[in-house]
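Let's take a walk through a protein model together. Keep the sequence and the 3D view at hand as you read.

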Amino acid sequence: MGFRVLDLSPECFDVFSCDVSDLVEAANLAFPGMADVQRSLLFQHASTASSFTELSWDLERRSRVEEVGNVKGAAVALLQRLRLLEEAFGEPRLSVEDLFNGRVVLDFSRVRTEEARVFLAELVLRMCYKWAMKRSPLRLCLVIDEAHRLLSRVEALQGRVEPILNRFMREVRKLGV
């Protein structure tokens, strides 16, 4: 039917090319219960990192030299969480523009962990939202299979789900989505 399928396990988006705040919010959604200290550490270290390897190295170094107990513990916990993501993604060869060239389907099925799938789905939605808001008019059809996984009622009531999907759908309709 003219669709190009992008399997995100062998190749992926460069998650460090997006806004650091989007990366932090995607991680916050993928790992419910992330403490403020972990989010702060992630924001601080992801701002200067260009890969998961570099970010992990920075956090590992920080956990060794940190004297404050809660910061040291947060760095170790964050490092463990990020390793789940680092091992799940393919090579960073894709860009947001790749999604808007023809008909594209993103296949998350072979991304190794549920946390990585949630992280990547949230990040892709945020990247697409920002890309779409920069351009007008836009002709796009967005289909999210298994969207209930992103919009779980319990998580929404607990405030753990970032409303990017809701915001995306409200805002981009005026652009022709």
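**A helix to start from**

Helix H6, residues 114-134, is a good place to begin: its 21 residues reach 30 Å from the first C-alpha to the last, close to the 30 Å expected at 1.5 Å a residue. Please keep in mind that what you see is a predicted model. Is H6 largely enclosed by the rest of the structure or left open? Of its 21 residues, 15 are buried, so the rest of the structure largely encloses this helix.

Leu120 gives you a view from inside H6. With a relative accessible area of 1%, Leu120 counts as buried, because the cut-off for that word is under 20%. Which residues does Leu120 touch, if we leave out those up to four places away in sequence? They are Leu8, Cys12, Phe89, Phe108 and Val111. You can also look from Leu120 to Leu23: these two are 97 residues apart along the chain, and their C-alpha atoms are separated by 9.3 Å.

While you are looking at a helix, here is a handy general idea. An α-helix has 3.6 residues a turn, so residues three or four places apart point the same way.

**The whole chain**

Now zoom out. The chain has eight helices and four strands. If you read along the sequence, they follow the pattern β-β-α-α-α-α-β-α-β-α-α-α. The chain has 177 residues, and 42% of them are buried. It exposes about 10100 Å², with carbon and sulfur atoms supplying 50% of that area.

How do parts of the sequence meet in space? Take the contacts with a separation of 6 or more: 74% of them are between residues 24 or more positions apart. Leu120 and its partners gave you a glimpse of contacts within the chain, and the charged pairs below will give you some more.

**Charged pairs across the chain**

How many salt bridges does the structure hold? There are 12. One of them joins Glu11 and Arg93, whose closest N and O atoms are 3.8 Å apart. Glu11 belongs to strand S2 (residues 11-13) and Arg93 to strand S3 (residues 91-94), so this pair ties together parts that are 82 residues apart in sequence. Glu11 is partly exposed, at 23% relative accessible area, while Arg93 is exposed, at 56%.

Back at helix H6, find Lys130. Its side chain meets that of Asp19 in a salt bridge, 2.4 Å from N to O. Lys130 sits in H6 and Asp19 in the loop between S2 and helix H1 (20-30), so the pair ties together parts that are 111 residues apart in sequence. Both residues are partly exposed: Lys130 has a relative accessibility of 31%, and Asp19 has a relative accessible area of 39%.

Lys130 also forms a salt bridge with Asp22, at 2.8 Å from N to O. Asp22 lies in helix H1 and Lys130 in helix H6, so here the pair ties together parts that are 108 residues apart in sequence. Is Asp22 buried or exposed? Asp22 counts as buried, because its relative accessibility is 4%. Salt bridges that share partners join Asp19, Asp22, Glu122, Arg126 and Lys130 into one network.

**A strand and a surface patch**

Let's finish with two smaller stops. In strand S1 (residues 3-7) you will find Asp7. At 16% relative accessibility, Asp7 is under the 20% cut-off and therefore counts as buried. What does the side chain of Asp7 make polar contacts with? One partner is the side chain of Ser9, at 2.9 Å, and another is the side chain of Arg110, at 3.2 Å. Leaving out residues up to four places away in sequence, Asp7 touches Asp107 and Arg110.

The last stop is on the surface. Phe3, Val5 and Val105 make a nonpolar patch there of about 260 Å². Val105 is part of strand S4 (residues 103-107). With a relative accessible area of 34%, Val105 is partly exposed. You started at a helix that is largely enclosed by the rest of the structure, and you end at a nonpolar patch on the surface.

How values were computed
Residues numbered from 1 in each chain as written. Predicted model: local features only at pLDDT ≥ 70, side-chain atom pairs only at ≥ 80, totals over all residues. Heavy atoms only, no water. Helix = DSSP H or I, 4+ residues; strand = E, 2+ residues; numbered from the N terminus. Expected span 1.5 Å × (residues − 1). Buried < 20%, exposed > 50% of the residue type's maximum accessible area, 1.4 Å probe, protein only. Patch = residues over 30% accessible without salt bridge, like charges linked within 9 Å, V, L, I, M, F, W, Y side chains within 5 Å. Areas by Shrake-Rupley, 256 points an atom, 1.4 Å probe, with all protein chains shown as cover. Salt bridge = Lys/Arg side-chain N within 4 Å of Asp/Glu carboxyl O. Polar contact = N/O pair within 3.5 Å; in protein donor to acceptor, adjacent residues only side chain to side chain. Contact = heavy atoms within 4.5 Å.
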